[in-house]
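Reader: Please take one part of this model and go through it closely. I would like to know how its side chains pair, how covered they are and what they pack against.

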Amino acid sequence: MPTPDVWAAAALYEPYIGRWSRLVAQQFVPWLDIDPEALWIDVGCGTGALTATILQLAAPKRVEGVDSSPDYVGYARARIDDRRADFRVADARTLPQANASNNAAVSGLSLNFIREPIAAVREMLRVVRPETGVVAAYVWDYADRMDLIRYFWNAAVELDPGAGPLDEGVRFPICNAPALADLFASVGLHDVVVRAFDAPTHFRDYDDYWSPFLGGQGPAPGYAMSLSDEHRLRLRDRIRSLLPVRKDGSIDLIARAWAVRGRRAAE
């Protein structure tokens, strides 16, 4: 059986998903339209892709990143040298921040991996200010246009139907527009809006696409590394046969994310 999702080697996550997360974050942060000098919390900050984008584009007073993985927190802390940023290890379901202590609580690509996403969203709601506080998140469109992962699972399930339940498009039913809107509305957020952001994912060759799956970080790489060498090579070759490879060997795909935002009501 495949091993559980692994989030312990941030340097291996970066070439797999981190580089594409940054492209979505560059669209997501301006969409939120948060005033300068705001206080932010980045829940499930991972390697710091979203935190770094907030620092770059939103002129915050402070961004506090929290993540349950000590390795990822250490990675982000070591690579983001900015006095406005701080990182700590914490559970998204029990945030260490005080009530109404932030202007914005955001989460990039982590909400679906939290065991109780509704508990995390409630906590994000708790730590933003009434009336003006914004809660927002984005997740991959696993079931449709997160192409690099969609091609992987289409091939994996074709070769091994038993892998079907491991497919993120199946595992994460909140990763679509109606489910995200319902989740945010269910905790009492107002003015809930959902939209898609598409990021181009360019791979210089097939190795650039395939190698990150050998890092073992996340569901698809975890499944790939659980296979025997023979079966992993079969999977590699089957994916290659399905991808739209150009004459020069490069591959251009789309990584679509669903983003959702809502506002805390006045008290």
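**Around the start of helix α5**

Author: Arg145 has a relative accessibility of 29% and counts as partly exposed. The model is a predicted one, and every value below is computed from it. The partner of Arg145 is Asp147: the two form a salt bridge, with 2.7 Å between their closest N and O atoms. The side chains of Asp147 and Arg145 are also joined by a polar contact of 2.7 Å. Asp147 is buried, because its relative accessibility of 7% is under the 20% limit for that class. The pair therefore joins a buried acid, Asp147, to a partly exposed base, Arg145. As general background, side chains of opposite charge can pair when their charged atoms come close.

Asp147 belongs to helix α5, which spans residues 147–159. With residues up to four places away in sequence set aside, Asp147 touches Leu253 and Ile254. The next residue to consider in this stretch is Leu148. Outside its neighbours within four places in sequence, Leu148 is in contact with Tyr16, Trp20, Phe203, Tyr209, Phe213 and Leu253. Leu253 thus appears in the contacts of Asp147 and in those of Leu148.

Leu148 is also part of the largest nonpolar core. That core has 88 residues, and those with the most contacts inside it are Phe28, Trp40, Leu111, Trp140, Leu148, Phe152 and Tyr209. Helix α1, residues 10–32, gives the most to this core, with ten residues. Tyr209 is one of the residues with the most contacts in the core and is among the contacts of Leu148. In general, nonpolar side chains in soluble globular proteins tend to be buried together.

Phe152, another of the residues with the most contacts in the core, also takes part in the packing of α5 on helix α9. On the α5 side the residues are Phe152, Trp153 and Ala156, and they meet Pro219, Ala220, Tyr223 and Ala224 in α9. Helix α9 covers residues 219–226, and its axis comes within 11 Å of that of α5, at a crossing angle of roughly 35°. The crossing is left-handed.

Further along α5, a second salt bridge involves Glu158. Its partner is Arg238, and the closest N and O atoms are 2.9 Å apart. Glu158 lies in α5 and Arg238 in helix α10 (residues 229–242), so this pair ties together parts that are 80 residues apart in sequence. Glu158 is partly exposed at 45% relative accessibility, and Arg238 is partly exposed too, with a relative accessible area of 28%. Asp147, in contrast, is buried.

Helix α10 also holds a salt bridge of its own. Asp229 pairs with Arg232, and their closest N and O atoms are 2.6 Å apart. Both residues lie in α10, three residues apart, or about one turn of the helix. Their surroundings are unlike: Asp229 is exposed, with a relative accessible area of 55%, whereas Arg232 is buried at 14%.

To set these pairs in context, a search of the whole structure finds 16 salt bridges. Elsewhere, Arg19, Arg204 and Asp208 are linked in a network of salt bridges.

A helix outside this part can serve as a reference for how covered a helix may be. Helix α4, residues 117–126, is mostly covered, with seven of its ten residues buried. These are Pro117, Ala119, Ala120, Val121, Glu123, Met124 and Leu125. They pack against β1 (39–43), β4 (104–108), β5 (134–140) and α7 (177–186).

Two backbone details away from α5 may also be checked. Glu37, in the loop between α1 and β1, has a positive phi of about 65° although it is not a glycine. Glu37 counts as exposed, at 53% relative accessibility. Ala59, in the loop between α2 (49–57) and β2 (62–67), also has a positive phi, of about 50°, and is not a glycine. Ala59 is partly exposed, with a relative accessible area of 36%.

To return to the part in question, the salt bridge of Asp147 is with Arg145, and the salt bridge of Glu158 is with Arg238 in α10. Leu148 and Phe152 are among the residues with the most contacts in the largest nonpolar core, and Phe152, Trp153 and Ala156 make the contacts of α5 with α9.

Note on methods:
Residues are numbered from 1 along each chain as its sequence is written. This is a predicted model: local features need pLDDT of at least 70, side-chain atom pairs count only at pLDDT 80 or more; totals for chains, interfaces and linings use all residues. Side-chain values use heavy atoms; hydrogens and water are left out. A salt bridge is a side-chain nitrogen of Lys or Arg within 4 Å of a carboxyl oxygen of Asp or Glu. Buried means under 20% relative accessible area, exposed over 50%, partly exposed in between (1.4 Å probe, protein chains only). Helices (H or I, at least four residues) and strands (E, at least two) are DSSP runs, numbered from the N terminus. Contact means heavy atoms within 4.5 Å. A nonpolar core is a set of buried Ala, Val, Leu, Ile, Met, Phe, Trp, Tyr and Cys residues joined through side-chain atoms within 4.5 Å. A polar contact is a pair of N or O atoms within 3.5 Å; within protein, one must be able to donate a hydrogen and the other to accept it, and residues adjacent in sequence count only if both atoms are side-chain atoms. Axes are lines fitted to C-alpha atoms, for helices over the stretch in contact, and angles run from 0 to 180 degrees between N-to-C directions. A crossing is left-handed if the near helix is turned anticlockwise from the far one by less than a right angle, and right-handed if clockwise.
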